[in-house]
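Visitor: I'd like a close look at just one part of this protein, the open space in it. Could you walk me through the pockets and then show me what sits alongside them?

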Amino acid sequence: PLAQVGVIGLAVMGSNLARNFASRGHTVAVYNRTVAKTETFSADFGQDGTFVAAPTLEEFVAALERPRKVIIMVQAGAGTDAVIEQLIPLLEQDDIVVDGGNAHYEDTRRREAALREVGLHFVGAGISGGEEGALLGPSIMPGGSPESYAALGPLLEDISAKVDGEPCCAYMGTDGAGHFVKMVHNGIEYADMQFIAEAYDILTAAGMTAREISDVFRQWNIGDLDSYLIEITSEVLDQEVDGTPLVEVIMDQAEQKGTGRWTVQIALELGVPVNTIAESVFARSTSGHSALREASQGLTGPDRTISVDDRTALVDAVRAALWSSKVVAYAQGLDQIRTASAQYGWDVNISEVARIWRGGCIIRAKLLERIRQEYAGANLATLLAAPSVAADLGNSQDAWRHVVAVATGAGVPAPGFSAALAYYDTVRSERLPASLVQGLRDFFGAHTYQRIDKPGTFHTLWSGDRSEVEI
Ligand code: NBP
C-alpha cells in the first residue's frame, strides 16, 4: 500500500514522529541520508507499525500517495535546504513539503516562496515537546497555504497531543507564521525557566534545602502554577548523586541553541519589548561567561543570605512573584506574535495559540487555558489588560515587590522577576521619563519633540536664545 505520510531524517525527532504516525494506524515511508540509520530504525521499530523503509529518496517519493506529504526532520539550516533541493525534482504539482525542524521563520518564508514558484506547498511546522512529545503527542504549529492545511491538518492533528479531546495543533497562518509562533514559544520557555531558577535561588538563600524546595514546587504544581516545567523542577531538585542534590553538582553554565536569541533579535527589530525573555537569554550568557565571572569575584555586596521569620510567607511571596512574572512573559511573547502577525499579514489567532500550547509542548500550563479564554473573541492589546488577569496581578504585586526587594537586599540576582516588575510598572505608568529622553535628543541632535498641550513638532534653539520653534 502507498504511505499516507513520509518522514525524512531518522534522528530522534524524525524516528519518534514516524513511530507516532504508525502507532495511529498510518502507513509511513521513512528515509535517512545515512542508510544504516534507516536499517537500524527498521530493526528496532519495524514491527510497531506499517513502515516503508526507503533506501533512496526516489523510492521514498514513489512510496507516497498523492498529494504527497513529506515531513523533513533534519538538522535545521543547511540540512533542510539540501533535502529540499534534492526533493524538488522528484515531486509533483500540489505535493506538500513540511519542515518540522526549528527553522528561522525568515528561512521558512524564503522556502515557501521558492516552492510555491514550482507548484509545491511548503509548510513550516513548529513542533514542541522534545523527544517524548514527538513520540506520544507534541504541540504542532503549522504555517503555510490554507489549501495545504486542508490536506495535511487532519494527519498532524491526529498525532498531536490532546487536551479536553481537542488536538494541540491548529493552522497558524501563511508562510513563516508557524515557525514564528514556535520561536516565541521557545522564548517564553527561556523566561519560564529563568523565573523558576530565580525562585530556587531565593529560597536557597533563605536557608531551604533542595529537597525542601522540591516539595514546594510539588505543592505549587497543584493550583494556578500547574505546569510541566514546575512539575519537572520538583523532580530535578529531588534528584541526588552520592547523597548530594544533583542540582548542587551540575556546572552552573546554562547553554542555548538559539531560538531564545532569535526571539529577542526579532523583537528588537519589531520594536516589541520582551525584556523578560531578553533577561533570560542574557542570564544564560552571563552564566557561561567564565572570564567575566572570574574577574568579578572580588566585587563586594551582601552575602546572599535572606533571613526570614516566616518561611511560609516567603514561599507564598515567591510563588506570587513567579506567577506574576510568568504572566508578563506570556503577555510579552503574545504581543510579539500579534505584532509580527499584523506586519506579515498572518492573522494569527492568539486564542488558538494559547489553546494548542495547553498540551504536548514544554510550556504547557494551566494558565494557558485562562489565556485562551481571555483572548477568545477579545482583541486584547495586552494580556495584562484582561480584567481578571489585571485583578490577580493587582493582588500579587505587593508580594512580587517584596521578593524583588528582599532578593536585591541580600545580593541575590533576580533579573527575570525584576524585569517583569519593571515592565509592569512601566506600562501602567501614566507618564514616563521618556519626556526627558526626548529633551536630551533635541538638545544634542535637534531630533525635535512633541508636546502634550498642543499639536505640532517642536525644537528648542539650545545653542541660540533657547526659544522654541515649530518645525
Ligand atoms: P538533528 O538536528 O540532530 O539532525 C540529524 C538528522 O539530520 C539526521 O537524520 C541527519 O542525517 C540529517 N541531516 C543532516 Br545533520 N544534514 C543533512 C543533509 N545535508 N541532508 C540530509 N540529511 C541531513 O536531529 P533531531 O535532534 O532529531 O532534530 C531534528 C529537527 O527537529 C531539528 O531541526 C531540531 O532543531 C528540531 N527539534 C528538535 C527537538 C529535540 O528535542 N531534539 C525538539 C524540537 C525540534 P544523517 O543520519 O545522514 O547524518
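Guide: Sure, and let's start with helix H8, which gives the most to the lining of the second largest pocket, with five residues. Bear in mind as you look that this is a predicted model. That second largest pocket holds about 920 Å³ of space. Its lining runs to 28 residues, and if you want to find the centre, look for Met-13, Asn-102, Lys-182, Asn-186 and Lys-257, which lie nearest to it. H8 shares the job with other elements that give two or more residues to this lining: helix H1 (12-23), strand E6 (121-128), helix H6 (130-136) and helix H11 (259-270). Sort the lining by class and you get 11 nonpolar, 11 polar and six charged residues.

Now keep your eye on H8, because it turns up again in the largest pocket, where the largest share of the lining, nine residues, comes from this helix. The volume here is about 1,900 Å³. H8 spans 177-205, and the other elements giving two or more residues to this lining are helix H10 (228-238) and helix H12 (275-288). In total, 39 residues line the largest pocket, and Gln-194, Ala-197, Asp-201, Asp-252 and Ser-287 are the ones nearest its centre. By class, you'll find 19 nonpolar, 12 polar and eight charged residues in that lining. As for how such spaces are found, rolling a probe the size of a water molecule over the atoms shows where empty space is left.

Let's go back to H1, one of the helices lining the second largest pocket, and follow the chain around it. The path goes from strand E1 through H1 to strand E2, and this β-α-β crossover is right-handed. E1 covers residues 5-8, with Val-5 and Val-7 pointing one way, Gly-6 and Ile-8 pointing the other way, and all of them buried. The E2 strand, residues 27-31, pairs with E1 in the parallel sense over four bridges. If you want one contact to check on screen, take Ile-8, whose bridge partner in E2 is Tyr-31. E1 has another parallel neighbour too: three bridges join it to strand E4, residues 69-72. There, Gly-6 has Val-70 as its bridge partner. So two things to take back to the viewer: H8 contributes to the lining of the largest pocket and also to that of the second largest, while H1 both helps line the second largest pocket and carries the chain from E1 to E2.

Key:
Residues are numbered from 1 along each chain as its sequence is written. This is a predicted model: local features need pLDDT of at least 70, side-chain atom pairs count only at pLDDT 80 or more; totals for chains, interfaces and linings use all residues. Side-chain values use heavy atoms; hydrogens and water are left out. On a 1 Å grid over the protein atoms alone, a cavity is a set of points where a 1.4 Å probe fits but cannot get out, and a pocket is an open set with protein on both sides within 12 Å along at least five of seven lines; lining residues have an atom within 4 Å of a point. Grid points are joined across faces, edges and corners, and a volume is the space filled by probe spheres set on the points. Ala, Val, Leu, Ile, Met, Phe, Trp, Tyr, Cys and Pro count as nonpolar, Asp, Glu, Lys and Arg as charged, and the others, Gly among them, as polar. Buried means under 20% relative accessible area, exposed over 50%, partly exposed in between (1.4 Å probe, protein chains only). Two strands pair if DSSP finds at least two bridges between them. A crossover is right-handed if, with the strands pointing away from the viewer, the path from the first strand over the helix to the second runs clockwise.
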